[in-house]
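Biologist: Please pick one part of this model and go through it closely, together with whatever surrounds it. I would like one connected account that I can follow on the screen, residue by residue where that helps.

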Amino acid sequence: MSNTHLTGMPDEAAPDPLALLEADTTLAAAEPILALVAQYFAETRTGEGAVSTWHSAEVIADRLSEPLPRRSRPLADVARRLSSLLLQDVNRLAHPMYIGHQVSAPLPAAVWTDALISALNQSQAVREMSPAFTPLEHQVVEWMTDLVGWDSRAGGTMTSGGTEATLTALLAARSRAIPDVWKNGVGTSPPVLVCGEHAHYAVARAAGEMGLGLDRVIVIPSDGYRMHVSMLRERLAALRERGTAVMAVVATAGCTATGSYDDLEAIADLCEEFADARGPLWLHVDAAHGGGALLSRTHRHRLKGLARANTLAWDPHKTLLLPLAAGMLLVREEHVLESAFAQQAPYLFTPADDARAWDMGPRSFQCSRRSDVLKLWVAFQRYGATALGALYDRLCSMARTLYDRLDGHPHFRALHEPESNILCFAWYPDGVADEDRDDLTNRLRERYNRSGRGWITATTLDGRRVLRITVMNARTGVEHIEALLRGLEEEAQRVLKHHG
């Protein structure tokens, strides 16, 4: 009778783990996995096949059900299992008919770079742990702050995405508003955050995480899906009258729902008009989605006034089409990031030995962090800022194409003029009561997505369920936008037939 480990697994002779590791280090060993990537690129290029899966989570979970593997397999066998068990049910973002969430079909050069980042496994928190890529991050941040229009005092850090970037920015704003916050907390009457009704949930989440509380978030109604500037002025005046301190005003450049841009110039004017003893109100701009317009000759004007912000969240993994994750926080004055994280860790962070503090850890939320900046650097080196700007324009032009195709359509109606690569539109079927439209809209989207012919999202806008596209794939062209509309028209007829 064989012995068992505490885990209940029987003893058996183990293979030499080092031999297994070494066997996997060659290009030939990697080929089965790399071939899956190349095959995916090739298969999605044609625009054929299903865009996503119609299988439920339960079906997939049943297929994956097995005991913990104890014996090694050849990597080629692992690749075959990966292909047969999982890849048939992924969202194929590189398929030109995927026009769904704000997740990109990433640039191939950046995809291949991801493997190099993982192999090198440098940690960006401390320069001695990432001797080459830490200076690289400083260089790439400098490129981006130059695009904004800031001077040599500016800086920043890579982040996991816009949520982390916004939290970090607001931590810095909190430190200015409550200088002793790290020692004594926010107190019983902390300052407020002010944002638009279409601000990303990251703002409210940050308020909760920082201990301010959701009641300290002041939401300004929208005007055409942008923050209503006149109402912002009224609210700031009322807050001043009551003696309520404002920690930060958060503007949005490319909101999640509609891709609309707040009037940054007007909002910055108000931040100066309502300055307090510390100076103008802190202005944070959430440009996680819309920051790509900085590279665009056509859309850059939408960011007018951005250079007047204190902090900026930007996600290159969105409209610069990088693989997840590659977010960024940029700041007009680099030193504010050090006040955001006022703590000592002598076992890790050491005083600067020269005029420049290279370590990213003291100014970044994360400690263990991949060198994702390398993907962004490779993208600029391979494609150049001009081509990346042209790709951004192409994405936006496809949203505009659908907007134009919907002009005069008998049943589908655009709900706003697109300012980026996002468009919301509503279905108005004949003879259907308003109270039934929300349910029918959800059913139409589900039916269309399950058909495999395309994939789009939905949202709630002005209290109603509406359809929404986000063009995140450079392969998506006019023909695919027209195919989307035809597919929705055909599936709409089937939904109505069952409804009737």
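Modeller: A residue is called buried here when its relative accessible area is under 20%, exposed when it is over 50%, and partly exposed in between. Keep in mind that this is a predicted model. The part I have picked is the open sheet of seven strands.

Read across, the strands of the sheet come in the order S1-S9-S8-S7-S6-S2-S3, and the pairing is mixed. The edges are formed by strand S1 (155-159) and strand S3 (217-220), each of which pairs on one side only. On average, neighbouring strands are turned by 20° against each other, with direction ignored. In general, strands of a sheet pair through backbone hydrogen bonds, either parallel or antiparallel.

Start at strand S6 (residues 246-252), which pairs with strand S2 (residues 192-196) in the parallel sense over four bridges. To find this pairing on the screen, look for Cys-195, whose bridge partner in S6 is Val-250. S6 also runs parallel to S7, and four bridges join these two strands. Here Ala-251 stands opposite Val-285 in S7.

Two helices pack on this region of the sheet. Helix H9 (residues 201-209) touches S2, S3 and S6, and its direction makes about 170° with that of S2. Helix H10 (residues 229-242) touches S2, S3 and S6 as well, with a direction at about 150° to that of S3.

Strand S7 (residues 283-286) is covered on both faces. Leu-283 and Val-285 lie on one side, His-284 and Asp-286 on the other, and all four are buried. Val-285 is thus a residue to look at twice, as the one opposite Ala-251 and as a buried member of S7.

Helix H11 (residues 264-273) belongs in this picture too. Its buried residues are Leu-264, Ala-266, Ile-267, Ala-268, Leu-270 and Cys-271. What covers them includes S5, H10, S6 and S7, so strands S6 and S7 of the sheet take part in that cover.

Next comes the enclosed space in this neighbourhood. In general, rolling a probe the size of a water molecule over the atoms shows where empty space is left. Counting cavities of 30 Å³ or more gives one, and the largest cavity holds about 60 Å³ of space. Its lining includes Gly-196 and Thr-252, which fall within the residue ranges of S2 and S6. Glu-197, His-198 and Ala-199 also line the cavity, as do Ser-222, Tyr-225, Arg-226, Met-227, Cys-255, Ser-260 and Asp-262. By class, the lining has four nonpolar, five polar and three charged residues.

One of those lining residues, Tyr-225, deserves a closer look. It sits in the loop between strand S4 (222-223) and strand S5 (226-227). Its phi is positive, about 70°, although it is not a glycine. As a rule, most residues other than glycine have a negative phi, and most peptide bonds are trans. Tyr-225 counts as buried because its relative accessibility of 12% is under the 20% limit.

The loop between strand S8 (311-314) and strand S9 (327-331) has backbone features of its own. Leu-321 is placed in the loop between S8 and S9. Its phi is near 60°, again a positive value in a residue other than glycine. At 1% relative accessibility, Leu-321 counts as buried. Ala-325 is in the loop between S8 and S9 too. The peptide bond that leads from Leu-324 to Ala-325 is cis, with omega near -5°.

Leu-324 also gives a link from this loop to a helix. It is touched by Asp-114, a residue of helix H5. Leaving out residues up to four places away in sequence, the other contacts of Asp-114 are Pro-323, Arg-370, Asp-372 and Lys-375. Asp-114 is buried, since its relative accessible area of 17% falls under 20%.

Helix H5 (108-120) leads on to the largest pocket, as one of the elements that give two or more residues to its lining, along with helix H2 (27-45) and helix H4 (75-85). The volume of that pocket is about 810 Å³.

Definitions and conventions. Residues are numbered from 1 along each chain as its sequence is written. This is a predicted model: local features need pLDDT of at least 70, side-chain atom pairs count only at pLDDT 80 or more; totals for chains, interfaces and linings use all residues. Side-chain values use heavy atoms; hydrogens and water are left out. Two strands pair if DSSP finds at least two bridges between them. Axes are lines fitted to C-alpha atoms, for helices over the stretch in contact, and angles run from 0 to 180 degrees between N-to-C directions. Contact means heavy atoms within 4.5 Å. On a 1 Å grid over the protein atoms alone, a cavity is a set of points where a 1.4 Å probe fits but cannot get out, and a pocket is an open set with protein on both sides within 12 Å along at least five of seven lines; lining residues have an atom within 4 Å of a point. Grid points are joined across faces, edges and corners, and a volume is the space filled by probe spheres set on the points. Buried means under 20% relative accessible area, exposed over 50%, partly exposed in between (1.4 Å probe, protein chains only). Ala, Val, Leu, Ile, Met, Phe, Trp, Tyr, Cys and Pro count as nonpolar, Asp, Glu, Lys and Arg as charged, and the others, Gly among them, as polar.
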